[in-house]
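Dear colleague,

Please find below the structure that I am handing over to you. A short account of the findings follows it.

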Amino acid sequence: MRVRLTVVVSSLIAALLPLSPVAAGTGEQVRGGPTPSVTWTPCADDPTADCGTLAVPIDWARPRGATIDLALVRRKATDPAARVGSLVVNPGGPGGSGVDAVLERLLTFSPEVTRRFDLVGFDPRGVARSHPVVCSAALAYQAPDPLALRSQADFAALVAYNQRLREDCRVRTGPLADHVDTLSVVRDLDAIRAALGDEKLTYYGVSYGTLIGQLYAERFPGRVRALALDSNMDHSLGTGAFLDTETATVQDSFDEFVSWCDRTETCALHGKDVRALWAGLIARADRGELPFPGYPSVSVSRTQLLSQVFVSFYEPAWSQLADLLVALDSGSQPTVSPAVSPAVSPPAVSPPAELSRQEDEVVQDPAQVFCEDYFLPVRDFREYAAHLSRAARIAPDMRISPLAISLIAACLGQPTPIPDPQHRLRVAPNAQVLLGNAVHDPATPYVWAASTARQMGRAAVLLTYEGWGHRVYGRGDCTTGAFERYLVSRTLPARGTRCPAVPPAEATLRRAPWPVPSGPVPGLPGWRFRS
């Protein structure tokens, strides 16, 4: 069977997954339960790191049933005499590869952290090398654009499409497709802790990886050494609250971009009415009259335009965004590659022909993870349209969060009950967790971190970064020092600590793996996210 691993997103589900081959079978092995040990060998791609696997049950309710192998990678502490233990990391997603994060050094840590800890990354169940949830590539390319629904018939067609894709994924993936929820990942993480020989867990998670840490603290508070959770999810939100908070934070990021252009002479839009120019681009996109830079026969849709801008807020990459908006407005060639680009030369912008011919071509679908963690129902098109209308009032420029609406759309029709429904956290105070978040985060709003901190009560301390972007560790001495002191010595910052903003141009942080996308954009045939 020919297999290609890439990323399935419903217009924009955030993940960075470099292309790599995977086995497409079910991967099940009937054993007497997982063995809490890992045999490490030098990684084929980089012998300076160690690779291994750990068997875990497909269904933790049946621990002696069929298992899958989780993929792990380890970079040993550079100073064995000062070694504290293992630091397990997760880059988020859903769908982010912890193996890639460590193997390719996508998550950077200071020399003090790498001196004292073995860095351990794992691919969560259903992701990358850990028995990925795979689906028909040809079917994935047919996903409707969530911002193009105009009627109840369109809404029903999207729900029906989701059901077809879900069933296709289940057939191709096997029983694991129904067990990729984060509660199951939490059980896996505790098995990893035991296999590493650590009495208690030290963990760093970004974005969706914070949900893993939050639920670990709730389930295993006595096994927590240090949980450093960066750019936090809020697992208590319903449909309206999820969409509204996501929409408000992406509008806030747009406002910050406009303010930067107003005060920065080097901005390509300095001295111009940025909001008016943006409104014009949206209107042209809606009319199908906005050519893609360098591809005059290809028009940019509203979803593609929002996705371009949304991704630029992660660093943030304000200067590049201004250049891109100028290029879109004038029809000139941008100085940097846009985040969303045609995958093939125009005018052939339909799914590549080989995808229709190759019935065994598959792609990875991380959306199922989210759909098993969040129940975000929408009854019908009338309610869907009401959500969009309310979002447009919350965000007069951005109109909506492309990430949030894509996730909601991808989960429409999800069978219930889901394995890991939303709830308010109840964490014992002995867990002692560090939460960090930027005030101007485009994807995990600061209000999510504040809400999560309130839910966790005395068990958590919230570190506020007054700046911009997604992932706060590494953005200046204040945030970096706070995270390091906590990881190394379990010293939490004082409650209410706020770290000053670091100008984006001076930030030393490398782009976080989540959610800069890569791979095809279902619903936008022939288009790809570019990392």
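In which strand is H440 found? H440 belongs to strand β14 (residues 433–440), where strands are DSSP runs of E of at least two residues and helices are runs of H or I of at least four, both numbered from the N terminus.

This is a predicted model, in which local features need pLDDT of at least 70, side-chain atom pairs count only at pLDDT 80 or more, and totals for chains, interfaces and linings use all residues. Residues are numbered from 1 along each chain as its sequence is written, and side-chain values use heavy atoms, with hydrogens and water left out.

H440 has a relative accessible area of 14% and is therefore buried (under 20% relative accessible area, with a 1.4 Å probe and protein chains only). Neighbours within four places in sequence aside, the contacts of H440 include D252, E256, E466 and W468 (contact means heavy atoms within 4.5 Å).

Strand β14 also appears in the surroundings of helix α15 (residues 446–456): the buried residues of α15 pack against β14, α6, α7 (239–263), β15 (460–468) and β16 (498–499). Nine of the 11 residues of α15 are buried, so this helix is largely enclosed by the rest of the structure. Among these buried residues are Y446, W448 and M456. G457, just after α15, takes a positive phi of about 60°.

I trust that this account will serve as a useful introduction.

With kind regards

How values were computed:
Buried means under 20% relative accessible area, exposed over 50%, partly exposed in between (1.4 Å probe, protein chains only).
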